[in-house]
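The following paragraphs explain a single protein chain for a reader who has its sequence and coordinates at hand. The account begins with one local detail and then widens to the whole fold.

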Amino acid sequence: MMTQYAFHCPSCGAHLNRNEKIVLKTRRSNGDEGEIEMSTSVGNYEYQHNPDVLFSPGEIVDFICTSCNAELNSKEFENYALLNLKVAENIVFDVLFSRQAGVQKTYLVTEDGIETYSGN
Ligand SMILES: [Zn+2]
């Protein structure tokens, strides 16, 4: 299971876990900002957002590092955000998760290939 591993910002390296959640800032296309807490279990799509907003289906959300304010948008996959998942001292995997509201898809890029997780 991936639950106990640490998520880091690919930009500044900050540790993004808090109380077994991944905490990130969000920015909607209308400029509204908020904070999201997501499960650290890859493939679990439950989240809490503060303030409590209802994202429009298909809406693209920017995810932002709470430490360095860098946008976590993947450069290779424009509708995905990128985090680093540190599984051991010298082993870091890329985690890509959908930035599109309602699209529950995550890719875990490991040395052995790409694992796909889908919630719907
Ligand atoms: Zn950062």
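A useful entry point is the hairpin formed by β8 and β9, in which six residues lie between the strands and Gly102 adopts a positive phi near 90°. The model is a predicted one. On either side of this connection, β8 covers residues 91-98 and β9 covers residues 105-110, and the two strands are paired in the antiparallel sense over four bridges. Within that pairing, Val95 has Leu108 of β9 as its bridge partner.

The chain then continues from β9 into β10 by way of another hairpin, this one with two residues as the connection. The strands β9 and β10 run antiparallel and are joined by six bridges. One of the paired positions involves Thr110, whose bridge partner in β10 is Gly113.

These two hairpins belong to a wider arrangement. An open sheet of five strands is built in the order β1-β7-β8-β9-β10, and its pairing is antiparallel. Its edges are formed by β1, residues 6-8, and β10, residues 113-118, each of which pairs on one side only. From one strand to the next, the twist averages 30°. As a general matter, strands of a sheet pair through backbone hydrogen bonds, in either a parallel or an antiparallel manner.

The secondary structure of the chain as a whole comprises ten strands and zero helices. Read from the N terminus, the succession of elements is therefore β-β-β-β-β-β-β-β-β-β.

What of the overall dimensions? Along its principal axes, the C-alpha trace spans about 40 × 30 × 25 Å. A compact globule of 120 residues would have a radius of gyration near 14 Å, and the chain, with 13 Å, agrees with that expectation. Contacts between residues 24 or more positions apart make up 42% of the contacts in the chain with a separation of 6 or more.

Attention may now turn to the interior. Of the 120 residues, 20% count as buried. In soluble globular proteins, nonpolar side chains tend to be buried together. Here the largest nonpolar core has 21 residues, among which Leu72, Ala81 and Leu83 touch the most other members. At least two residues of this core come from each of β3 (21-27), β6 (62-64), β7 (80-88) and β8. The greatest contribution is that of β7, which gives five residues. When residues up to four places away in sequence are not counted, Leu72 touches Phe63, Ile64, Cys65, Ala81, Leu82 and Leu83.

A position outside this interior offers a contrast. Is Asn50, a residue of strand β5 (residues 47-50), buried or exposed? Asn50 is exposed, because 11 other C-beta atoms lie within 10 Å, and a residue counts as exposed at 12 or fewer. With residues up to four places away in sequence left out, Asn50 touches Gly34 and Glu35. The second of these contacts brings together Asn50 and Glu35, which are 15 residues apart in sequence and 5.2 Å apart in space, C-alpha to C-alpha.

Definitions and conventions: Residues numbered from 1 in each chain as written. Predicted model: local features only at pLDDT ≥ 70, side-chain atom pairs only at ≥ 80, totals over all residues. Pairing = 2+ DSSP bridges. Axes fitted to C-alpha atoms, helices over the stretch in contact; angles between N-to-C directions. Rg over C-alpha atoms; globule rule 2.2 N^0.38 Å. Contact = placed C-beta atoms within 7 Å. Core = buried A, V, L, I, M, F, W, Y, C linked by C-beta atoms within 7 Å.
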